[in-house]
Every structure is written in C-alpha cells, then in structure tokens.
Amino acid sequence: MSNGWVLPDEVLRDAPAYTPRPGELADLELLLTGAYTPLTGFMTRADLVSVSRRSRLADGSPWPVPVTLQVPTALAQGLDVRDPARRTLVLTDGEGAPVAALEVTDAWPVRDGVAGVGGPVRRLGDGGHGPFQRLRRTPEEIRALLPPGRVLGVIADRPLHRPQLAQIAHAARTLGAHLLVLIPVGEDNGGGLPPEALVRSVFAARDRMPPATLVAVPLSHRREEISDALLRARVSAAYGVTHLLSTGEMLSGAGLRVLVPRELAYDNRDGQWRWREDIPPRNRRLALSQAEIDDLLDRGFPLPEWHTPPAVAKELVRARPPRRYRGLVIFLTGLSGSGKSTIARGLADALREQGERTVTLLDGDVVRRELSAGLGFSKADRDANVRRIGWVAAEIARHRGVSICCPIAPYAQARATAREMALAAGAGFLLIHVATPLEVCEQRDRKGLYARARAGLLSGMTGIDDPYEEPTDADLVIDTTDLSVDEAVQSVLHHLTETGWVEPRHPTV
C-alpha cells in the first residue's frame, strides 16, 4: 500500500463521510501514527487472504491479525475504485470531525447490508482531540526519547497495585532496562475503567516505578486472546520495546522477548513482596483478585495499603465510587401489560422520597412521543428506539443520576447494547425482566392492543405476531400475576439495597 496520493480540495469536499466503530477508530489512529508499520491502510481482500493463510501480508510482511474497515453496503456502492475522483472516503471521529481520508482500492460484500473496504489512509486535520493528547505520541517520537539499550515494555491495561509494581521493578532491575509503560486508551481497553481514569491511576503509581517513559496508545481489547496478545506485542515493538513483561499468558511476537513473571505474595514479616514460594504459608498473603478489588470499591471499603498505594486507591475511588453514589440504569423489559410502567413509576416515586439521587423516568410511551417520534415497529426501528433510550439513560447515569427505563425491548441484542452503553459511562446497569405471562397481559389489555392484534387489525404486536426474546441475563425477575404494585416495587428496592445501590432506610411517615 502507498499513502502518498494527493487529493484536490474539491474531492475531499464532495467525498462521502463515515464514522467507524470504536475499535476501527483505534486501528485508524495506529495506522496514522505508524504503529502498524508496514501497514499504511485498512487491509484489502488480498491482504486478508494472505493473513488468514500465512499470517503475512500480500507483500510477505508478517502480520498477526486482520485490520479491517466495514461500512454499509449502500455507502460502498457509491464508491468507484477505478475513478480517482470517486474512491475517496472521509473518516470522522464520533463527533463528526474529519480524521483521515481513505483511498478505497478494494470493496467487497461481507454480509447482508455490510461491505468491507480497504486502501491507504492519510491524516486530515491536526491529529484529534480529547484528554491526555500530549501522551499520544507516535512510535517515532517515543523511540527518539528512549535511551540506548534494553527497553522493558509494560502494557498497563489495568491499575498498577503493589504486586504488579514489584514485578516491574524486579524485571527492570534484572534486565538493566529502561521502562516504557504503554497505557491503552481505546474505548474498550479491557480494564474496566474509562481511559482517562486508567491514565490517572497509572500516573498515580509513577513514583513507585523505576525511571520510565509513559505513552498513551489507542489499543482496544479484542475478543481473541491470542490475536490480542500478538497485536500488542507488534505495537510494543514499533514503540521501541525489546522485552515485554506479561501479566498473563502472552505469546512471543515481533521479535520481542516476552517475560512471564513468577507469582508474588505479600510477606507479613517485613511488609515486602516476594516470590510466593519463598514465603512460609503462615506469613504469606496473596494479592487481591480483581473481583475482590471491585467488591471493596462497590461497598465503599478502603483498599488495603499493603496491596494498593494510597495515591492509586484515591484514583480508583474517584473512578469507581461506592454503588450508593454511582449512576445507575434500571432497565425494565417485558410484554405490554406486564406491569413495567406501573413498577417504574412506583420505583421512581420511592427513590425520590429517599432524596439520595436525581431520578429520571424514561417511560416507553413518553419516549416514543418525545424522543423516537417517526419510528415504527419494525425490528430496526425497535432497536433504534431502545438504543436512543439506552444512550440517554447512560448519559444520565454518567453524571451519577438514576435512570429508570421501561420499554418492551423485545430483542436481546438491543438490551445488551443498552447495558454496554451504561457500563461504558462508568454506571451500573440492572436488567429487570417483568415476566408476567402473555395470558395475564391479554386479560389486562388496558390499551386494547392484544384484542386488535387477535382480530387482525394490528400487526407487529410483541407476543402475538412478533417475537419477544426472554432475557437470560436478567438481574431480577418479577411476575406481577399475584403481586400488588407495592410488593413489586418493594422487591426491586430490596434488590437495590442488597446489592449496595441504595442505602437501607426506615420509613419516616
């Protein structure tokens, strides 16, 4: 691939624009910075075939995983790879600002409604915006800063506690290497923290590290563990790393030596971290698991100083406050007439009475009128409606409010998307399946919808001629057949109290 083509202003002005998905935007930035050398653009079919067969590009260069861009088929059909004036695609960030121009040299169908496009990319604009831009240096800039000799790379995709810091110090001392800490700042970095919170937590541990250079890298977590490890090794090598410290299983790649450290434990005789087998069992304290750390933070208990430096603990508490102070999306799903809206209204009233949080109720009918006017009841429109609700709810929860949503939300994938948006906003997500049976819902039929559907006067009625995918991941299941409204609301409040989202309260009146 070559990215030396020149585009006239009128070509860029008239070119279609497209916003890639978060993982594709991360790949795009790595392409533009040179971290994916020798790649200079998204892969074509020839590259993909070569990688799938031999883990090499079409020109013979080794490469561990595909780097692809997928767009709507209609968009790809509007491009002409044979016409220089009609093969340019402007790629934008999430706010619509141009980031790069893609010269599409290949386009092909992937699945229904989706096409793959490949070709070289060229940066547009000043290189982006957002928190910690000063840390997002190119591999060339970082290599120029590194001292000669060995460079120990650490991919800090999670906060660094004392056991990790002890491992880093031991490895750097053993190798006599300079330390380079790469902090993944892709939207999905795999560590469970927003990127800016992860950066702050790593900087909070800097005084506990050997002399180090820190760089923010737009790495996103990939589901394939081996591919993820190989790609991260490749990017590390581009930044000048010669030895890579793994906190788990990582394969050697890109000519690096990968170090897999032995397990450390805390020695309560003198407060030092040593290899586990060097400490008598009665004096040995193992590192906390991530689940144990999350549980302490969720319940508002301090992280023990023997395990976590106070400065790091402070940043983690800021990023993950106790549940009772954190934003929350309560998402009720169920058939029409199941009791979702009634429970949601009662729950909203109860939480407002307590006065601990701001509470916003996103009722299905109100949302249809105010937020999703014009949408129908096709699967695509239903998914769009749930996505809009999920986005608004996540933004409310981002600012530590409680959002209560009660659409039918019949499809599992749309509900999963709503959960993902809430978690990405640093909030909690509680999925409640109001599992009142269809026959009970039909008996209630306050709006007369079921009767009209049975009479053939209404199509697309969930539970009649349109499917309802029952949740398999519900946090709470309620059947209102034999429950009063107050009993159902109390069931939800009990769950919120037991899981730490609401503090126990005694009635005041």
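## Overall architecture

In this predicted model, residues 24 or more positions apart account for 66% of the contacts in the protein that have a separation of 6 or more. The protein holds 17 helices and 20 strands, and its C-alpha trace spans about 75 × 75 × 40 Å along the principal axes. Of the 509 residues, 49% are buried.

The accessible surface of the protein amounts to about 24,700 Å², and carbon and sulfur atoms contribute 50% of that area. The protein carries 62 positive and 63 negative charges, and the mean positions of these two sets are 5 Å apart.

## Nonpolar cores

The largest nonpolar core consists of 46 residues, of which Tyr-36, Phe-42, Trp-63, Leu-102, Leu-180 and Tyr-239 touch the most other members. Helix H2 supplies the largest share of this core, with four residues. Apart from this core lies another one, made of 36 residues, among them Leu-160, Val-181, Ala-212 and Val-312.

The surroundings of Leu-180 can be described in detail. When its neighbours within four places in sequence are left aside, Leu-180 is in contact with Ile-142, Leu-146, Val-151, Leu-152, Gly-153 and Val-154, and also with Thr-213, Val-215, Tyr-239 and Val-241. Among these contacts, Tyr-239 is itself listed with Leu-180 as one of the residues that touch the most other members of the largest core.

## Backbone geometry

Most residues other than glycine have a negative phi, and most peptide bonds are trans. One cis peptide bond joins Thr-37 and Pro-38, with omega at about 15°. Pro-38 lies in the loop that runs between helix H2 (22-33) and strand S2 (41-42).

Two residues other than glycine take a positive phi: Ala-409, with a value near 45°, and Asp-445, with a value of about 35°. Ala-409 sits in the loop between strand S18 (402-406) and helix H14 (412-424), and Ala-409 counts as buried because its relative accessibility, 3%, is under 20%. Asp-445 belongs to the loop between helix H15 (438-444) and helix H16 (449-454); Asp-445 has a relative accessibility of 18%, and therefore also falls under the 20% limit for a buried residue.

## Cysteines

The count of disulfides comes to zero under the rule applied here. Cys-405 is in no disulfide, since the nearest cysteine sulfur, that of Cys-406, is 7.6 Å away, whereas a disulfide requires the two sulfur atoms to be within 2.5 Å. Cys-405 is buried, with a relative accessible area of 0%.

Cys-441 is likewise in no disulfide, and the nearest cysteine sulfur to Cys-441, again that of Cys-406, is 14 Å away. Cys-441 counts as buried, at 0% relative accessibility.

## Arg-382 in helix H13

Arg-382 has its place in helix H13, which covers residues 379-398. Although Arg counts as positive, Arg-382 is buried, with a relative accessible area of 7%. Not counting residues up to four places away in sequence, Arg-382 touches Arg-368, Gly-376, Phe-377, Pro-410, Tyr-411, Gly-460, Thr-462 and Asp-466. These contacts therefore include both a residue that counts as positive, Arg-368, and one that counts as negative, Asp-466.

## Helix H9 and the loop before it

Helix H9 (residues 290-299) has Ile-293, Leu-296, Leu-297 and Asp-298 among its buried residues. What covers the buried residues of H9 includes helix H10 (310-319). Just after H9, Gly-300 takes a positive phi of about 80°.

Ala-287 lies in the loop between strand S15 (284-286) and H9. At 32% relative accessibility, Ala-287 counts as partly exposed, because this value falls between the limits of 20% and 50%. Leaving out residues up to four places away in sequence, Ala-287 touches Pro-163, Trp-273, Glu-292 and His-307. Ala-287 and Gly-448 are 161 residues apart in sequence, and their C-alpha atoms are 59 Å apart in space.

Methods. Residues are numbered from 1 along each chain as its sequence is written. This is a predicted model: local features need pLDDT of at least 70, side-chain atom pairs count only at pLDDT 80 or more; totals for chains, interfaces and linings use all residues. Side-chain values use heavy atoms; hydrogens and water are left out. Helices (H or I, at least four residues) and strands (E, at least two) are DSSP runs, numbered from the N terminus. Buried means under 20% relative accessible area, exposed over 50%, partly exposed in between (1.4 Å probe, protein chains only). Contact means heavy atoms within 4.5 Å. Accessible areas come from the Shrake-Rupley method with a 1.4 Å probe; for residues, only the protein chains shown count as cover. The place of a charge is taken as NZ of Lys, CZ of Arg, CG of Asp or CD of Glu. A nonpolar core is a set of buried Ala, Val, Leu, Ile, Met, Phe, Trp, Tyr and Cys residues joined through side-chain atoms within 4.5 Å.
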